[in-house]
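Trainee: Got a minute? I'd like to go through this model with you.
Mentor: Sure. Put it up and ask away.

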Amino acid sequence: MRNTDLNNDLGPIVQKTMADVVEIRLREYLKEKSFKPGDPLPKEMEMAQSLGVSRNVVREALSRLRMLGMVETKKKRGMVLARPDILSSFERVLDPLIIGDSTLRDIFELRLTLEVGLADLLYLRKTKKDVEELEQIARNQKVTSGRQTFRIKNEIAFHGKIYQMTGNETLQRFQSMLLPVFGYLVSLEKVPIIGKVSHLDLVEILKHGSKEEFRQGMLKHLEHHFAKLK
């Protein structure tokens, strides 16, 4: 066997720092003891003594948990378990200019997959007013030579309204985070492209069609994007 194969199969052992070990142990402890948001954590000194490490090591591990939004300091209460904002870290780094092409591609695929799968929530929560507003957004798009002009702002307005219609706040926020990536990738198109199913077609399906028809319609609306991923 070649040495290079052995290196790939085994790989080097990664040595964890003491702070790494303490961070992992604290996570386990919080789960084992069923801590809930707002519950106070033991004092730093108590944790250090129990773990057999220095207070500085505990402080570094807690600092990492604080950066993740898992713990916070409350006046007169000390450190407590927090309700983490699961998208905050992602939000800070989701910039098409600083993330790699492979990550951009993955995120774009995620956005396309999400939109094809929104049908169930849409049909559960859509209202007549929502559909009317969506139709107005679609009709506001300019038409040139019988084709809708593909404009990023129109895509954002239309698809943003669809996410809003789901009533899911996390989905709405996630969609807002994906807009820079979507806008960046679409801006690279030399010639504006639209799918076989237009925004107005999707509105008509929402008004008169089934969930499965909407799912298939959205797939055809986005298929030119999927084709670029091949």
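Trainee: How much area does the chain expose, and what share do carbon and sulfur atoms supply?
Mentor: This is a predicted model, to begin with. The chain exposes about 14500 Å². Carbon and sulfur atoms supply 54% of that.

Trainee: And what percentage of the residues count as buried?
Mentor: 36% of the 230 residues.

Trainee: What's the secondary structure?
Mentor: Twelve helices and four strands.

Trainee: Where is the largest nonpolar core centred, I mean which residues have the most contacts inside it?
Mentor: L134, F158, I162, F214 and M218. That core has 22 residues.

Trainee: Which helices each supply at least two residues of it?
Mentor: Helices 6, 7, 8, 9, 11 and 12. Helix 9 spans 152-165, and helix 12 spans 211-228.

Trainee: Take I162. What is it in contact with, leaving aside neighbours within four places in sequence?
Mentor: L118, L122, L134, F214 and M218.
There is also a second, separate core. It has 17 residues, including F35, A61, L62 and V71.

Trainee: New topic. At what angle do helix 8 and helix 11 pack?
Mentor: About 160 degrees, with the axes 9 Å apart. An angle over 145 counts as roughly antiparallel, so helix 8 is roughly antiparallel to helix 11.

Trainee: Left-handed or right-handed crossing?
Mentor: Left-handed.

Trainee: Which residues meet there?
Mentor: From helix 8, V131, L134, E135, A138 and R139. They meet H199, L200, V203, E204, L206 and K207 in helix 11. L134 also belongs to the largest nonpolar core.

Terms used
Residues are numbered from 1 along each chain as its sequence is written. This is a predicted model: local features need pLDDT of at least 70, side-chain atom pairs count only at pLDDT 80 or more; totals for chains, interfaces and linings use all residues. Side-chain values use heavy atoms; hydrogens and water are left out. Buried means under 20% relative accessible area, exposed over 50%, partly exposed in between (1.4 Å probe, protein chains only). Accessible areas come from the Shrake-Rupley method with a 1.4 Å probe; for residues, only the protein chains shown count as cover. A nonpolar core is a set of buried Ala, Val, Leu, Ile, Met, Phe, Trp, Tyr and Cys residues joined through side-chain atoms within 4.5 Å. Contact means heavy atoms within 4.5 Å. Axes are lines fitted to C-alpha atoms, for helices over the stretch in contact, and angles run from 0 to 180 degrees between N-to-C directions. Angles under 35 degrees count as roughly parallel, over 145 as roughly antiparallel, 65 to 115 as roughly perpendicular and the rest as oblique. A crossing is left-handed if the near helix is turned anticlockwise from the far one by less than a right angle, and right-handed if clockwise.
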